[in-house]
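Thank you for making the time this morning. I would like to walk you through one structure, going from a single residue outwards to the whole chain and then back to a few details.

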Number of protein chains: 2
Amino acid sequence: MAVYTEVAAEELDALLERYEIGELRSCKGIAEGVENSNFFLSTERAQFILTLYEKRVCPDDLPYFLGLMEHLAKNGVNCPTPVHDREGRVLQTVAGRPAAIVTFLAGYSLGKPLPAYCRELGAALAILHEAGLTFPLKRKNALSIAGWEKLFAAISGSADRLAPGMAQEIGAELEALRKDWPGYLPQGVIHADLFPDNVFFLEGRVSGLIDFYFACNDLLAYDLAICLNAWCFEADHSFNVTKARALFSGYSAVRRLEAEELAALPLLARGSAMRFLLTRLYDWFNTPQSAFVKRKDPMEYWRKLKFHQSVRTPSAYGF
Amino acid sequence: MAVYTEVAAEELDALLERYEIGELRSCKGIAEGVENSNFFLSTERAQFILTLYEKRVCPDDLPYFLGLMEHLAKNGVNCPTPVHDREGRVLQTVAGRPAAIVTFLAGYSLGKPLPAYCRELGAALAILHEAGLTFPLKRKNALSIAGWEKLFAAISGSADRLAPGMAQEIGAELEALRKDWPGYLPQGVIHADLFPDNVFFLEGRVSGLIDFYFACNDLLAYDLAICLNAWCFEADHSFNVTKARALFSGYSAVRRLEAEELAALPLLARGSAMRFLLTRLYDWFNTPQSAFVKRKDPMEYWRKLKFHQSVRTPSAYGF
């Protein structure tokens, strides 16, 4: 959550001259998004977000991300829409970085989402999945099983420092996930990172989904499993069945889950827990303690993984 | 430039209920101000900044800072005005920190201010000095000579690592400054940190001054010397006489500089260079290299100090 690159006002003025969005009134670096530098822009006409893509986003992926946001916005998803300049371009270069201006969304993310919000989220996720079906570009999920194995190789020597035996257990779990992974389930565009800070609410309704920079093509039900982990556990690590029911009921009201997807949910939830466990472990061992970026606790996802390992059927999730 | 503390939306809603400024539409942490956490708030009615005061601001000083902003805003200075809640209070507690909501100012700071902007800045500084004369509270400048000596004691053992002989030269300069410091000059409220990032412009005019958390009572001409250092040197360290002339001419058009103030400017400029040299040296040796906060280059102010030491009369500044 940071601004990694400063942009001089003079460069902003020059940038805005290429657009028909009015003259600059205000520009503030905002602490939103872990991967990029984001600025809140205000012109005479409207408000926008300017994003500078830093090194963790591959420039080759930008046409996918920006094209996807535009496609989704046109198809009923409340998400930032890239703004075209006078020549029709969306991608710019600002301060030596690839950059884009997108529309501003009202609303704000919730610290402690109530069950009613989980239902809203479920519906928004399903709308995203439906809208994504007609998006023509494809992007592989770099953080699926092959990616997990790479991350595991990088941290397997260190994991036991956090919990004795963790490395061996992760290795065994990865093997199980690889063996049983339900690659036959319905695929499509997934957000892949729909945590509460990427969902804006206004008056109890979802007003916007943001941060599509992990979006990719993968199993739709896996996206739901990511939300199950991110939205339905309490701060004390307990699993909130009411929230899980609300999430699924909101989702199912828009897109019917197939019986196979439902049956695979415990495994998908284990996979999702594994994905965030591994990236958090990697960051834990590779971010200096004195660095400003706050490291997220890997043990939170270790506990979630254990919980899902104990689940045999989706009925344990309350549905 | 960071957000040190997160505020849950639920806490923000509760905070806004105490005010008559409308319901929350958006809240974004912004990268503005080094010392505090700042949030851009948008309600149905207007835009605001919420500031949470972190440990580097002494809570006892907040009535001075907030009272000053209110006083200045009422007296012709474009600066954030603290918003009163329904009970008339300005100071709140948010996430365990002292906090205040202030009005939002349009405009943005310039990366490379042209001479015309220096003239505007000079006028804005003089207006601030005039408006401050009727402000009843007092605050000592913690970063004047006694403060410099404390900082020097903390870094004198390390300074030579940056430039051999630096410690001895700083010691000698501090003695000269102490001996000749012109404490008899006109005093009043000074901003004390009016760098380009604390001055907003809109269509060529100053639209706002921000960040009053170093403000104090001290020599008015010393504030001008701070601006001389902050605004009139180029990136290649050369001194821009045209900008200096513009700065002084803008200032003098509003508040006439006394002959004694003018004569003391070379010394005040050395003092101002010393103040920022010492705080930058302190931060340089006490901020881990891996920390996210970018350390500012002390050598920039070492060069400025040398420049002013070579100046015998204010005519060397071009006036």
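Let me begin with Tyr317(A), which sits in the segment after helix 9 (298-309) of chain A, where helices are DSSP runs of H or I with at least four residues and strands are runs of E with at least two, both numbered from the N terminus. Before going further, I should say that this is a predicted model, in which local features need pLDDT of at least 70 and side-chain atom pairs count only at pLDDT 80 or more, while totals for chains, interfaces and linings use all residues. Residues are numbered from 1 along each chain as its sequence is written, and chains are lettered from A and ligands numbered from 1 in the order in which they are written.

Is Tyr317(A) buried or exposed? Tyr317(A) is buried, because 21 other C-beta atoms lie within 10 Å; the rule is that 20 or more such atoms make a residue buried, 12 or fewer make it exposed, and anything in between is partly exposed, with C-beta atoms placed from the backbone. Leaving aside residues up to four places away in sequence, Tyr317(A) touches Val241(A), Ala244(A) and Leu265(A), a contact being two C-beta atoms, placed from the backbone, within 7 Å.

Two of those partners take us to helix 7 of chain A, residues 241-252. Its 12 residues should span 16 Å at 1.5 Å a residue, and the end C-alpha atoms are indeed 16 Å apart, the expected span being 1.5 Å times one less than the number of residues. The buried residues of helix 7 of chain A include Ala244(A), Leu247(A) and Phe248(A), and the buried residues of this helix pack against helix 3 (115-132) and helix 6 (220-231) of chain A.

Leu247(A) deserves a closer look, since together with Leu247(B) it has the most contacts inside the largest nonpolar core, which has 189 residues. By such a core I mean a set of buried Ala, Val, Leu, Ile, Met, Phe, Trp, Tyr and Cys residues joined through C-beta atoms within 7 Å. Among the residues that Leu247(A) touches are Cys118(A), Leu121(A), Leu228(A) and Trp231(A).

Now to the chain as a whole. Chain A has 9 helices and 9 strands, and buried residues make up 43% of its 319 residues. For 319 residues a compact globule would have a radius of gyration near 20 Å, and chain A, at 20 Å, agrees; the radius is taken over C-alpha atoms, and the globule rule is 2.2 Å times the number of residues to the power 0.38.

Chain A is divided into domain 1 (9-103) and domain 2 (115-317), with bounds that come from an automatic or database domain assignment. The C-alpha centres of the two domains of chain A lie 27 Å apart, and 17 residues of domain 1 are in contact with 17 residues of domain 2.

I will finish with Glu203(A), in the loop between strand 7 (199-202) and strand 8 (205-209) of chain A. Glu203(A) has a positive phi of about 50 degrees although it is not a glycine, and Glu203(A) is exposed, with 8 other C-beta atoms within 10 Å. In chain B, Glu203(B) likewise has a positive phi near 50 degrees and is exposed, with 8 other C-beta atoms within 10 Å.
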